[in-house]
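Please open the model in a viewer and keep the sequence panel visible. The stops below are given in the order in which they are best selected.

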Amino acid sequence: MTTVTPDQIVNPDRLADSILDGGEITEAEALPLLSTPDEDLFSLVHAGSRLRRRYFGMSIKLNYLVNLKSGMCPESCTYCSQSLGSKAEILKYSWLSTEEAMDQASMGIGGGASRVCLVASGRGPSRRDVNRVGEIVERLKDENPEVEVCACLGILKEGQAESLKEAGADAYNHNINTAESFHDNIVKTHTYEDRTNTVELAKTAGLSPCSGLIVGLGESDEQIIEALFALKALDSDSIPINFLVPFDGTPLEGQWNLTPMQCMKIVATARFVCPDREIRLAGGREIHLKSLQPMALQLANSIFLGDYLTAEGQAAADDLAMIRDNGFTILGQDEETAGGCCSDTKSTTEAADHTDPVIRRRGAGTAATANV
Ligand code: SF4
């Protein structure tokens, strides 16, 4: 836990003013944000939400994951249920066929996703794997030209990013996951540099770089700041923030290092460090942010819809309700587009779904147990 002295605490609204005037936050200014007293969280969120609205209005981008190949990965990432060393009882299967991948992707697109993320476990793809994924990308783009396609296949070799780009891919995801100074604590079979090299290869090929974090691995606040500034330096267009899902049977089983308030402070700090980048709430959001998920949308402008790679997410219908109940619009579905903070949006009071009241038949005046 970082000790913050009163003179280090920066008024988040003043910080937001300076960023909105074209300034940039320093690491020294960002670190105390992670130690914001719980009672001041709302001020931090309010200030961060001004940045969010400047660049993304009230829009939420929905992303949909298709796990093309699950489990059986030879790498040693301690947080990952798909590693060969993991005893987590996840689904394990080899490559989906193009038809199966298209079916899965269509469901996400039908649910409102404007980006499909094609993911495969493994250290990195072979030439055959790139061809196989390229075929899926081509079909997806032919049939859904308006949908972005992101590939996430691990460490790339020279020429592979170009092949994916030629097939029509828009983006490539490879998370740095954590700070360089902490990386070797969580994986030994590849280096931090392997990860950043892949992001650079994707950028050179003209793919939009998507790279983010997993928090809750046991890293320090200083290392979260180190990682956020590394992502800024990498120029990552989209930044997924994963919250560790400590599956039983993985080396990090039982590591619950985060509170909902701490998760909010991390998301807010990411928004201050990378104000104009897509900040995406990713795996573990439901179990870590808990009832603060809607508040986190004031900072993040993107989420995954539906399930994750090996864990189930909350019901897609609940995500859509959460978005609309809180006055946000879905990118590509509703009228508002990114950056349109002042455009007309559908009134949230219009056509609201309602839940019929349930008459109480328990507690006082009854013999049934009260709702406590
Ligand atoms: S390389 Fe990817 S799939 Fe393999 S263990 Fe690491 S995170 Fe999991």
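In this predicted model, begin by selecting helix α9 (residues 221-234) together with helix α10 (residues 260-273), whose axes come within 10 Å and cross at roughly 35 degrees. The crossing of α9 past α10 is right-handed. To display the contact, show Ile-224, Leu-228, Phe-229 and Lys-232 on α9, and Ile-266, Thr-269, Ala-270 and Val-273 on α10. Coloured by class, this contact of α9 with α10 comprises six nonpolar, one polar and one charged residues.

Proceed to a second helix pair, formed by α5 (residues 127-143) and α6 (residues 160-167), which pack at an angle of about 25 degrees with their axes 8 Å apart. Because angles under 35 degrees count as roughly parallel, α5 is described as roughly parallel to α6. The crossing of α5 and α6 is right-handed. On the α5 side, select Val-130, Val-133, Gly-134, Val-137 and Glu-138; their counterparts in α6 are Gln-160, Ser-163, Leu-164 and Ala-167. The residues joining α5 to α6 divide into five nonpolar, three polar and one charged.

Next, centre the view on the ligand. Which residues are around the ligand? Selecting Cys-73, Glu-75, Cys-77, Cys-80, Gln-82, Ser-83, Ser-121, Arg-123 and Gly-154 displays them. This shell around the ligand holds three nonpolar, four polar and two charged residues.

Two backbone positions deserve inspection at this point. Most residues other than glycine have a negative phi. Met-72, although not a glycine, has a positive phi of about 60 degrees. To find Met-72, follow the loop between β1 (59-69) and α4 (98-110). Is Met-72 buried or exposed, or does it fall in between? With 14 other C-beta atoms within 10 Å, Met-72 is partly exposed.

The other position is Asn-177, again not a glycine, with a positive phi of about 75 degrees. Asn-177 is placed in the loop between β4 (171-173) and α7 (180-186). Here the surroundings hold 23 other C-beta atoms within 10 Å, so Asn-177 is buried.

Move now to helix α1 (residues 12-20) and select Ala-16, which lies within this helix. Ala-16 counts as buried because it has 23 C-beta neighbours inside 10 Å, the threshold being 20 or more. Leaving aside residues up to four places away in sequence, Ala-16 touches Ala-47, Arg-50 and Leu-51. A distance label between the C-alpha atoms of Ala-16 and Arg-50 should read 7.2 Å, although the two are 34 residues apart in sequence.

For the last stop, select Asp-334 in the segment after β10 (329-330). Which residue, 275 residues apart from Asp-334 along the chain, has its C-alpha atom 8.7 Å from that of Asp-334? The residue is Ser-59. Asp-334 itself is partly exposed, since 17 other C-beta atoms lie within 10 Å.

Terms used. Residues numbered from 1 in each chain as written. Predicted model: local features only at pLDDT ≥ 70, side-chain atom pairs only at ≥ 80, totals over all residues. Axes fitted to C-alpha atoms, helices over the stretch in contact; angles between N-to-C directions. Helix = DSSP H or I, 4+ residues; strand = E, 2+ residues; numbered from the N terminus. Parallel < 35°, antiparallel > 145°, perpendicular 65-115°, else oblique. Left-handed = near helix turned anticlockwise from the far one by under 90°. Contact = placed C-beta atoms within 7 Å. Nonpolar A, V, L, I, M, F, W, Y, C, P; charged D, E, K, R; others polar. Near = placed C-beta within 6 Å. Buried ≥ 20, exposed ≤ 12 C-beta atoms within 10 Å, placed from the backbone.
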